[in-house]
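Could you walk me through this fold, starting from a single contact and working outward to the way the helices pack?

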Amino acid sequence: MRRTSLLACALAMIASLLSLTPANATSSKTTTSKTTTTTAGAAIAWAACPEDPAVECGTLAVPIDWARPGGPTVDLALARRKATDPAARIGSLLINPGGPGGSGVLFAFLGNHYFSEEITRRFDLVGFDPRGVARSHPVVCSIDVLSQAPNPIMKSQSEFDGWLTYDQRLRDDCRSRTGPLYDHVDTLSVVRDLDAIRAALGEDKLSYYGISYGTLIGQQYAEQFPRRVRALALDSNMDHSLGTTAFLATEAATVQDSFDEFVAWCDRDESCALHGKDVRKVWAGLLARAERGELPSPDDPSVPLTALDLIGTAFRKFYEPSWADLANLLNALDTGAPVPAELSAMTTRRNAATEDVAEFPSQVFCEDYRLPIRDYREYAAHLRLAARVAPDMRFSPLAFGLTPFCLGQTRIPNPQHALRVHGSAPLLLGNSVHDPATAYSWAVDAARQIGREGVLLTYEGWGHGIYGHGECTRGAIDRYLVSLTLPARGTRCPAVPLADVSAQREAWPRPSGPLPDLPGWLRLP
């Protein structure tokens, strides 16, 4: 059985599949080996990674069920890029790129491109794949079952009932293929794992940088182990206190805000391909054509684009943001002009290969969030509210794309609650005002819940993830991680020109959002 990586949440179709290193893989060709051991006996055997000899790879065994510490274990995959200046080394900086589904191992491979020279000089960058993700025994499911997922935007009670039936079949399949770990991939379990990694590294206290869903790991670590916190830098924050209505509505509001900012940019900037046009009217016309089946896909004209394809494509362009690309694409679709090849991938296709299993880390979200929706009538009310909040975007494709997969979920070991952080060292939370995925209101609310232990750093610009957005945000996070110096409460960093942001964030990582990494029509380029 060949394992492949599905960038989660296959909604109407299965996304393109990528090769995946086996879950328990470590280096098969090593030149050096070191072992890190804790007083409790847990050990990490480090050896040069086959992908990059400058990085060390290893594994750490942790209990599948932390309520049974003597029971079966799972191996967590780790990667360590050592500090470039050993004499100035502070310790280990644990890093996580979000998701759920993002690989911390890959983050460590490319961390020297993402973090500043000061961070890579002073810290060992240690990435980990959370349990159930990538190389840490991923949750896997049948591609055939995943490919049968109904349309996530439901229109009737029968479609709602179809989702309930489908979800039960999917869970049974994933559980049988994944094994006991399937029911233990919640973030509270990941937090226990993170503390075990800290101890195995020999660190008395944790230094951590997490993006997006990785902020939930940091927030809950501060709740569970407040006395073991050195520094937690949380970039683009989750709000784990929201119920169904608030979650879906705030997600709709923040994606509409990003659309409004795109329209405002087009109105003022002559470089926008839609400058001088009524952008909202163009957008509405394209959505109407898509709904009539009259908008051919630029990557395959024989296949019509759906409204979901269009909304999802716009959403992913808000992440950086890539406004110029979005304007060029919408203008070409509107006028019938050729679409540049790099902008044409708007629909998904299942590979004709023989893979039969794919990763499906959305189970992590379903074990972290109780989002009950009783029937279609209640679902339709949520959809109407989202449309009122987001008259152009209609809904967050991220939130409404994932929520159906959690319908009927009964085992939710880590349901929402207000953060309770007491006795921790101060935490630094950062967020864009115009983040399309983790709403600025989420960061404000999370900082309020944390109270005096939390300081919020506001970036006045756009996009998801603030670390690469200019010296103000990067410098503030660096000073906090290195010297534990927090910015003054109420600090706001000015927006950086989009060209400068793109130049600073050419490669990795493109944070995967507050939910699982996106299917093809939403996947980040």
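In this predicted model, a polar atom of the Thr215 side chain sits 3.0 Å from the backbone nitrogen of Met238. Thr215 belongs to helix H7, which covers residues 213-224. How buried or exposed is Thr215? With a relative accessible area of 0%, Thr215 is buried, since anything under 20% counts as such. Leaving aside residues up to four places away in sequence, Thr215 touches Gly210, Leu234, Asp235, Ser236, Asn237 and Met238.

One of those partners, Ser236, deserves a look of its own. Ser236 is placed in the loop between strand E11 (229-235) and H8. Its phi is near 75°, a positive value in a residue that is not glycine. Ser236 is also buried, again with a relative accessible area of 0%. Ala134 is another non-glycine residue with a positive phi, in this case about 50°. You will find Ala134 in the loop between strand E8 (123-128) and strand E9 (140-142), and its relative accessibility of 8% makes it count as buried.

Now follow the chain from the loop of Ser236 into H8. Helix H8 spans residues 244-268 and supplies nine residues to the largest nonpolar core, the largest share of that core. The core has 116 residues, and Phe262 and Met393 touch the most other members. In general, nonpolar side chains of soluble globular proteins tend to be buried together. Beyond residues up to four places away in sequence, Phe262 touches Leu274, Val279, Phe318, Trp323, Leu326, Ala327 and Leu330. Apart from this core lies another, of 33 residues, including Cys49, Tyr209, Ala233 and Val496.

How does H8 pack against helix H9 (residues 279-291), and at what angle? Their axes are 10 Å apart and the angle is about 125°, which makes H8 oblique to H9. On the H8 side, the contact involves Gln256, Phe259, Asp260, Phe262, Val263 and Cys266, which meet Val279, Arg280 and Trp283 of H9. By class, these residues are six nonpolar, one polar and two charged.

Helix H11 (residues 323-335) is another partner of H8, with axes that come within 11 Å and cross at roughly 80°. An angle from 65 to 115 degrees counts as roughly perpendicular, so that is how H8 and H11 are arranged. Here Glu261, Phe262, Trp265, Cys266 and Arg268 of H8 meet Trp323, Ala324, Leu326, Ala327 and Leu330 of H11. This contact has eight nonpolar residues, no polar ones and two charged ones.

Ahead of H11, in the loop that follows helix H10 (307-317), you will find Pro321. The peptide bond from Glu320 to Pro321 is cis, with omega near 0°. The bond from Gly99 to Pro100 is cis as well, with omega near 0°, and Pro100 lies in the loop between strand E7 (91-96) and helix H1 (104-109).

For a loop residue paired with a distant stretch of chain, try Phe360, located between strand E14 (357-359) and helix H12 (362-368). Phe360 is buried, at 4% relative accessible area. Its C-alpha atom is 9.8 Å from that of Ile143, although the two residues are 217 residues apart along the chain.

Finally, step back to the whole protein. There are 17 helices and 17 strands, and 61% of the 525 residues count as buried. Among contacts with a separation of 6 or more, 76% join residues 24 or more positions apart.

Conventions. Residues are numbered from 1 along each chain as its sequence is written. This is a predicted model: local features need pLDDT of at least 70, side-chain atom pairs count only at pLDDT 80 or more; totals for chains, interfaces and linings use all residues. Side-chain values use heavy atoms; hydrogens and water are left out. A nonpolar core is a set of buried Ala, Val, Leu, Ile, Met, Phe, Trp, Tyr and Cys residues joined through side-chain atoms within 4.5 Å. Buried means under 20% relative accessible area, exposed over 50%, partly exposed in between (1.4 Å probe, protein chains only). Helices (H or I, at least four residues) and strands (E, at least two) are DSSP runs, numbered from the N terminus. Contact means heavy atoms within 4.5 Å. A polar contact is a pair of N or O atoms within 3.5 Å; within protein, one must be able to donate a hydrogen and the other to accept it, and residues adjacent in sequence count only if both atoms are side-chain atoms. Axes are lines fitted to C-alpha atoms, for helices over the stretch in contact, and angles run from 0 to 180 degrees between N-to-C directions. Angles under 35 degrees count as roughly parallel, over 145 as roughly antiparallel, 65 to 115 as roughly perpendicular and the rest as oblique. Ala, Val, Leu, Ile, Met, Phe, Trp, Tyr, Cys and Pro count as nonpolar, Asp, Glu, Lys and Arg as charged, and the others, Gly among them, as polar.
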